[in-house]
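Subject: A structure for you to look at

Dear colleague,

I am handing over the structure we spoke about, and I would be glad if you opened it before reading further. My notes on what was found in it follow below.

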Amino acid sequence: MESIWRLLKQRLKNRGLITDPTELRRAIEEEWDKITLEEINKVIATMPDRVAAVNERNGLPIPF
């Protein structure tokens with residue numbers, strides 16, 4: 001999930017500074033709607049490696 005949030009945050013950052021709460025909400029919803037199934041599947045595909053990395057570190061944080 002963090003990877004999807006990171007993607008959303010980067011897209012919002014690319015839009016520039018938004019100070020109006022209504023405009024910010026609209027921008028978030030627009031960018032959320034643009035996230036494709038392909039992008040989500042790409043993140044899901046990394047899960048086996050992530051789980052293995054967590055296991056190797058005995059549950060400690062990993063650099064993903």
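The radius of gyration of the protein chain is 15 Å, whereas a compact globule of 64 residues would have one near 11 Å. Please keep in mind throughout that this is a predicted model, and that each value below was computed from it. Along its principal axes, the C-alpha trace of the protein chain spans about 45 × 25 × 15 Å.

As for the secondary structure, the protein chain has four helices and zero strands, so that reading along the sequence gives the pattern α-α-α-α. Of the 64 residues in the protein chain, 17% are buried, and the chain exposes about 5400 Å², of which carbon and sulfur atoms supply 57%. If you take the contacts between residues at least 6 apart in sequence, 41% of them join residues at least 24 apart. The protein chain carries 11 positive and 11 negative charges, and the mean positions of these two groups are 4 Å apart.

With that overview in hand, you may like to turn to a few single residues, beginning with a glutamate. Glu31 is found in helix 2, which covers residues 21–34. Is Glu31 buried or exposed? Its relative accessible area is 6%, and because buried means under 20%, Glu31 counts as buried. When residues up to four places away in sequence are set aside, Glu31 touches Leu8, Arg11, Leu12 and Arg15. With one of these, Arg15, the side chain of Glu31 also forms a polar contact of 2.7 Å.

The next residue to find is a serine close to the start of the numbering: Ser3 lies in helix 1, residues 2–15. Ser3 has a relative accessibility of 15%, which is again under the 20% limit, and therefore it counts as buried. Which residues is Ser3 in contact with, once its neighbours within four places in sequence are left aside? They are Val43 and Arg50, and the side chains of Ser3 and Arg50 are joined by a polar contact of 2.7 Å. It is also worth locating Ile44, since Ser3 and Ile44 are 41 residues apart in sequence while their C-alpha atoms are 9.8 Å apart in space.

Val43, which has just been named as a contact of Ser3, is found in helix 3, residues 37–45. Not counting residues up to four places away in sequence, Val43 touches Ser3 and Ile4. Val43 and Ile4 are 39 residues apart along the chain, and their C-alpha atoms are separated by 7.8 Å.

Finally, please look at Asn58, which is found in the segment after helix 4, the helix of residues 47–56. Although Asn58 is not a glycine, it has a positive phi of about 55 degrees. The relative accessibility of Asn58 is 72%, and because exposed means over 50%, this residue counts as exposed.

With best wishes

Notes
Residues are numbered from 1 along each chain as its sequence is written. This is a predicted model: local features need pLDDT of at least 70, side-chain atom pairs count only at pLDDT 80 or more; totals for chains, interfaces and linings use all residues. Side-chain values use heavy atoms; hydrogens and water are left out. Helices (H or I, at least four residues) and strands (E, at least two) are DSSP runs, numbered from the N terminus. The radius of gyration is taken over C-alpha atoms; the globule rule is 2.2 Å times the number of residues to the power 0.38. Buried means under 20% relative accessible area, exposed over 50%, partly exposed in between (1.4 Å probe, protein chains only). Contact means heavy atoms within 4.5 Å. Accessible areas come from the Shrake-Rupley method with a 1.4 Å probe; for residues, only the protein chains shown count as cover. Lys and Arg count as positive and Asp and Glu as negative; His and the chain ends are not counted. The place of a charge is taken as NZ of Lys, CZ of Arg, CG of Asp or CD of Glu. A polar contact is a pair of N or O atoms within 3.5 Å; within protein, one must be able to donate a hydrogen and the other to accept it, and residues adjacent in sequence count only if both atoms are side-chain atoms.
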